[in-house]
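Morning, everyone. I have one structure to walk you through today. Please bring it up on your screens.

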Amino acid sequence: MSDIRQLVYAMVRVLKGEVTDGKLSKDDTESVEIAVQCLESAYGLEASEPSLDLDCSLQAILQHYITNQETQDTVSPENKAAAEEFKDKGNMSMDSQNFKDAIINYTKAIFLDRKNAIYYCNRAAAFNNLSDFGNAIKDCEMAVKYDPLHHKAYARMGLAYAGKNQHRQAIKHYKKALELQPDKESYKAYLQQSQDVLSRSPPLDLNFNISSDGTSSSPFAFPNVENMFARNFNTLVARMFSNIPSRRGT
């Protein structure tokens with residue numbers, strides 16, 4: 001029981017720190033304060049109990065655990081089997097379009113087998129379906145870190161970038177997916193879609209009608225910036241055609 005009280009005491013200190021930082025909303029702050037009160041009451045904790053202090057912070061312990069997990073090269077057969085079960089549950093959740101449950105199950109699989117690219121790639125698909133493109137990209141990056149030939153990860157990263165309207169990045173990853181899987185029709189379709197979007201994007205209009213008084217019909221919103229640009233443009237053109245050096249001594 002003393003070990004549990006130490007752990008709970010450390011958790012309470014972390015939660016109190018969150019409240020003190022003032023970064024939580026009012027409602028979240030109230031919820032955390034209630035949680036702290038419940039934990040202190042349930043485990044008979046005082047506001048300050050030096051005897052329960054850990055040698056290092058709870059965050060440091062967690063980071064140490066994560067680092068050790070990531071450096072482990074072998075996964076026990078039991079953990080592999082359990083991870084596969086969670087992956088299968090995640091796949092069933094995807095089939096029923098319950099994407100949040102899918103993420104939970106894939107996360108459990110990753111916890112048991114952190115270097116399995118398939119789990120990250122599958123979770124990325126769930127994130128994409130929830131329009132959480134940032135996390136989808138992170139998971140795809142992890143997938144290709146552990147399996148550089150995982151073509152689905154590149155394709156799903158392309159979809160995530162397309163979802164963020166970053167089609168040049170999307171095209172880059174679709175092309176990589178097609179390098180690995182040249183006959184995949186869906187990848188070709190994704191690539192074509194992003195290329196079509198870029199082809200429809202209007203080019204930057206740099207056609208200015210500069211008058212003799214140094215003003216122009218450019219789309220700049222601020223007249224001072226517009227006039228400054230026009231004057232500099234006139235100076236540049238004059239130097240080009242009169243062959244005047246742009247700096248003394250050259």
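Let's start inside. The largest nonpolar core has 36 residues. Within this core, M94 and A143 have the most contacts. Which helices feed it? At least two residues each come from α4 (77–95), α5 (99–112), α6 (117–129), α7 (133–146), α8 (151–163), α9 (167–180) and α10 (185–200). The largest share is from α6, with 8 residues.

Now zoom in on A143. What does A143 touch, once its neighbours within four places in sequence are left aside? A117, Y120, C121 and A153 are in contact with A143. There is also another core, apart from the big one, with 6 residues. V8, Y9, V12 and V32 are among them.

A word on confidence. This is a predicted model. The mean pLDDT of the protein chain is 80. Of its residues, 70% reach 70 or more. Where does pLDDT stay under 50? One stretch is residues 204–231. For that stretch, the model has 22 contacts beyond four places in sequence. Another is residues 233–250, also with pLDDT under 50. There the model has 5 contacts beyond four places in sequence.

Next, an annotation. UniProt, in an unreviewed entry, carries "repeat: TPR" over residues 151–184. What does the model show for that span? Residues 151–184 are 79% helix and 0% strand. The C-alpha atoms at the two ends lie 10 Å apart.

Let's look at H151. You will find H151 in helix α8. Is H151 buried or exposed? Its relative accessibility is 19%, and the cut-off for buried is under 20%, so H151 counts as buried. Who are its partners? Setting aside neighbours within four places in sequence, H151 is in contact with A177, L180, Q181 and Y187. With Y187 there is something extra to point out. The side chains of H151 and Y187 are joined by a polar contact of 2.7 Å.

Last stop, G163. Helix α8 holds G163 too. G163 has 38% relative accessibility. Partly exposed runs between 20% and 50%, so G163 counts as partly exposed. Now find S131. How many residues separate G163 and S131 in sequence? The answer is 32. In space, G163 and S131 are 7.3 Å apart, C-alpha to C-alpha.

To recap: the largest nonpolar core has 36 residues, and α6 gives the largest share of it. H151 counts as buried, and its side chain makes a polar contact with that of Y187. That's my tour. Over to you.

Conventions. Residues are numbered from 1 along each chain as its sequence is written. Side-chain values use heavy atoms; hydrogens and water are left out. A nonpolar core is a set of buried Ala, Val, Leu, Ile, Met, Phe, Trp, Tyr and Cys residues joined through side-chain atoms within 4.5 Å. Buried means under 20% relative accessible area, exposed over 50%, partly exposed in between (1.4 Å probe, protein chains only). Helices (H or I, at least four residues) and strands (E, at least two) are DSSP runs, numbered from the N terminus. Contact means heavy atoms within 4.5 Å. UniProt positions are given in the numbering used here, feature names are shortened, and annotations may be inferred rather than shown by experiment. pLDDT is the predictor's confidence in each residue, from 0 to 100. A polar contact is a pair of N or O atoms within 3.5 Å; within protein, one must be able to donate a hydrogen and the other to accept it, and residues adjacent in sequence count only if both atoms are side-chain atoms.
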